[in-house]
Amino acid sequence: MTNVTKSDAAEIPALSATIQDYLSLIYVMERDQEPVVGSRLAELLGVTPPTVTNTLKRMTRDGLLSMDKDGTHLTESGWAAARVVMRRHMLTEWMMIKTLPWSKLHNEAHHLEHAISAMTETALMEQLGHPKTCPHGNPLPGCEEAVATWIPLTEIAVGERVIIRRIHELAEENAPLLSYLEAKGIMPGVKATVSEVLPFNQTIAIEIAGQSVTLGNAAARYIFAEMTTPG
């Protein structure tokens, strides 16, 4: 059976594309136990902080968020809706995997995900064999254990051999970065070796497919890998 529930499916039709975008980003932040900060949302969404403030207030009014001294958090209804948004986004990426370059999937899915119905979602889950991750290696809602043992490149020592497994959702928001990673072959399933770590300039170099690629820690911390040699 798929992970579509009646309560999930009921939440989506009344929500605008903008609200769905906010839900997906807040979902990722909360899932990763990061504080939901307005300035960060503004940066990721490409809008002004006042716009974010007004939207968060509207979402609170509509019962999707709670905002108090403990911070901004999704309510039960917010979580249910966010899970649907994320799942449909990821299924849309898989639907287009043979049609578009890997680095283009996220942005294109972003445009199409809002039109996916509960019936289509169920059909896609069945057709795709109930995937646990998206093409970038991020977990579908409820499948977080599938990625739990993968660690950021920034936490891997020189000389370690790894398999690239995941490009974090927040890195997916950076289209030029995704294009660069695809051009260099840094994609899920690819083997690599950490060849250099330079703390003084915050970079890490990896050997991949016979070439050396240097990444800044700001990007490398969003690239997760599976160890193939003892840590």
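Helix 6, spanning residues 105-112, buries Leu105, His106 and Ala109. Looking down the axis of helix 6, those buried residues stay within an arc of 90°, so they line one face of the helix. Keep in mind that this is a predicted model. Here is the rest, by topic.

**Helix 6 and its cover**
- The cover over the buried residues of helix 6 includes helix 5, helix 8 (169-172) and helix 9 (175-184).

**Helix 7 and what follows**
- Helix 7 runs over residues 118-127, and its buried residues are Glu121, Leu124 and Met125.
- Viewed down the axis of helix 7, the buried residues sit within an arc of 100°, so here too they line one face of the helix.
- That buried set packs against helix 5 (76-95).
- Turn to the face of helix 7 that points away from the buried side, and you'll find the exposed residues Met119 and Gln127.
- Just after helix 7 comes glycine 129, with a positive phi of about 80°.

**Positive phi without a glycine**
- As background, most residues other than glycine have a negative phi.
- Histidine 130 isn't a glycine, yet its phi is positive, at about 55°.
- You'll find histidine 130 in the loop between helix 7 and strand 3 (151-152).
- Histidine 130 has 30% relative accessibility, so it counts as partly exposed: the partly exposed class lies between the 20% and 50% cut-offs.
- Glutamine 202 also has a positive phi of about 55° without being a glycine.
- The loop that holds glutamine 202 links strand 5 (191-198) and strand 6 (203-208).
- With a relative accessibility of 45%, glutamine 202 counts as partly exposed.

**The chain as a whole**
- The chain has 10 helices and eight strands.
- Its radius of gyration is 18 Å, close to the 17 Å that the globule rule gives for 231 residues, so the chain is as compact as a globular protein of that length.
- Along the principal axes, the C-alpha atoms fill a box of roughly 50 × 40 × 30 Å.
- Buried residues make up 44% of the 231 in the chain.
- Take the contacts with a separation of 6 or more, and 66% of them come from residues 24 or more positions apart.

**Surface and charge**
- About 11,400 Å² of the chain is exposed, and 55% of that comes from carbon and sulfur atoms.
- On the charge side, there are 19 positive and 27 negative side chains.
- The centres of the positive and negative sets lie 2 Å apart.

Conventions:
Residues are numbered from 1 along each chain as its sequence is written. This is a predicted model: local features need pLDDT of at least 70, side-chain atom pairs count only at pLDDT 80 or more; totals for chains, interfaces and linings use all residues. Side-chain values use heavy atoms; hydrogens and water are left out. Helices (H or I, at least four residues) and strands (E, at least two) are DSSP runs, numbered from the N terminus. The radius of gyration is taken over C-alpha atoms; the globule rule is 2.2 Å times the number of residues to the power 0.38. Buried means under 20% relative accessible area, exposed over 50%, partly exposed in between (1.4 Å probe, protein chains only). Contact means heavy atoms within 4.5 Å. Accessible areas come from the Shrake-Rupley method with a 1.4 Å probe; for residues, only the protein chains shown count as cover. Lys and Arg count as positive and Asp and Glu as negative; His and the chain ends are not counted. The place of a charge is taken as NZ of Lys, CZ of Arg, CG of Asp or CD of Glu. The arc is that of the directions from the helix axis to the C-beta atoms.
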